[in-house]
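Open the model in your viewer and keep the selection panel at hand. The tour goes from the whole chain to single residues.

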Amino acid sequence: MNSRPHVLITGATGGIGAAIARRLAGMKCDLTLIARDPERLAVLADELRHEEITVTEIAMSLGTQSDYPELLQRVSNSNRPIDILINNAAINWFGHFADMPDEDIDGLIATNVTVPIRMARAALVGMRRSGRGIIVNIGSVFGSIGFAGFPVYSACKFALRGFSEALRRELSGTGVKVVYIAPRYTKTAFNDGAVDRMARATGMTMDAPDAVARRIVEAIVNQRPETLIGWPERAFAKLNAIIPRLVDRGLSRTNRKILAHAPEIATRHLLEEERS
């Protein structure tokens, strides 16, 4: 890596994304920040800029029609090739699956699965050429344990974890590393409203964004292949992989509480905060 790594972060203005950006700016990394809201993005970029690093802001909504190779080429030309890609942008949807509109299903899969996969493929061009780089995919404990009320979000995070594992194996020996980090419940605007009420009712442990960002940066620095944040969650994930029926029984009461807090159809909405 260069003495000042160039890091690209998607979903940069959200709670976890902004906390990651602040930590990396303090470590003298050059940053390219991508987020939807230009005003919030400009505020964050101005906060982070200092004489020892460059901060580039790109206000755009990433989607299936985005030209990822062109975007990454533009980023590299304006600064320099990307050393670390952090796929952090995500959207969520909480409610009964039978009531979930088709467009919301498509939106979750596009943002949470297709976008990070296509960003990774675009970034790989320069990383393979230089023989180094790190692709970081921010997943979720929902990528190891499926929960009622979040079936499509869980499916997306299971997919992202599987993609990370397979890509890591494919790139073995190339100098390009793949890091997957799975936070548990994080106290941010991403989880406001019904999700927050549900988390409190079920007794979920809540992490602060900066604490999660610290663990993410540690995993990147140490190039740790996979990190699931939270001891009880790690234990449940391992048990779920071996004896899922036991976890079914253990989560039956929790799943009932989750669904009891699912919004009514009239008030249900897509949670679109970018990994906040």
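**Whole protein.** Begin with everything selected and the surface switched on. This is a predicted model. Its accessible surface comes to about 12600 Å². Carbon and sulfur atoms own 52% of that area.

Now switch to the C-alpha trace. Along the principal axes, the C-alpha atoms fill a box of roughly 50 × 40 × 35 Å. Does the radius of gyration of the protein agree with a compact globule, or what value does it have? The protein has 18 Å, and a compact globule of 276 residues would have a value near 19 Å, so the two agree.

Colour by burial next. Of the 276 residues, 51% are buried. Then draw the contacts between residues at least 6 apart in sequence: 71% of them join residues at least 24 apart.

Go to the cartoon view. Nine helices and nine strands make up the secondary structure.

**Stop one: strand 4.** Select residues 84-87, which form strand 4. Pick Ile 86 within the strand. Is Ile 86 buried or exposed? Its relative accessibility is 0%, so Ile 86 counts as buried.

Show what surrounds this side chain. Leaving out residues up to four places away in sequence, Ile 86 touches Val 7, Leu 8, Ile 9 and Thr 10. Ile 20 and Leu 24 also touch Ile 86. So do Val 136, Ile 138 and Ile 220.

Add a distance label from Ile 86 to Gly 17. The C-alpha atoms of the pair lie 9.0 Å apart, with their positions 69 residues apart in sequence.

**Stop two: helix 6.** Select residues 194-202 for helix 6. Which residues of helix 6 are buried? They are Ala 194, Val 195, Asp 196, Met 198, Ala 199 and Thr 202. Step on to Gly 203, which follows helix 6. The phi of Gly 203 is positive, near 75°.

**Stop three: helices 8 and 9.** Select residues 231-242 for helix 8 and residues 244-260 for helix 9. Draw both axes. They come within 6 Å and cross at roughly 130°. That angle falls between 115 and 145 degrees, so helix 8 is oblique to helix 9.

Show the side chains where the helices meet. Helix 8 brings Phe 236, Leu 239, Asn 240 and Ile 242. Helix 9 brings Pro 244, Leu 246 and Val 247. Colour this contact by class: six residues are nonpolar, one is polar and none is charged.

Technical notes
Residues are numbered from 1 along each chain as its sequence is written. This is a predicted model: local features need pLDDT of at least 70, side-chain atom pairs count only at pLDDT 80 or more; totals for chains, interfaces and linings use all residues. Side-chain values use heavy atoms; hydrogens and water are left out. Axes are lines fitted to C-alpha atoms, for helices over the stretch in contact, and angles run from 0 to 180 degrees between N-to-C directions. Helices (H or I, at least four residues) and strands (E, at least two) are DSSP runs, numbered from the N terminus. Angles under 35 degrees count as roughly parallel, over 145 as roughly antiparallel, 65 to 115 as roughly perpendicular and the rest as oblique. Contact means heavy atoms within 4.5 Å. Ala, Val, Leu, Ile, Met, Phe, Trp, Tyr, Cys and Pro count as nonpolar, Asp, Glu, Lys and Arg as charged, and the others, Gly among them, as polar. The radius of gyration is taken over C-alpha atoms; the globule rule is 2.2 Å times the number of residues to the power 0.38. Buried means under 20% relative accessible area, exposed over 50%, partly exposed in between (1.4 Å probe, protein chains only). Accessible areas come from the Shrake-Rupley method with a 1.4 Å probe; for residues, only the protein chains shown count as cover.
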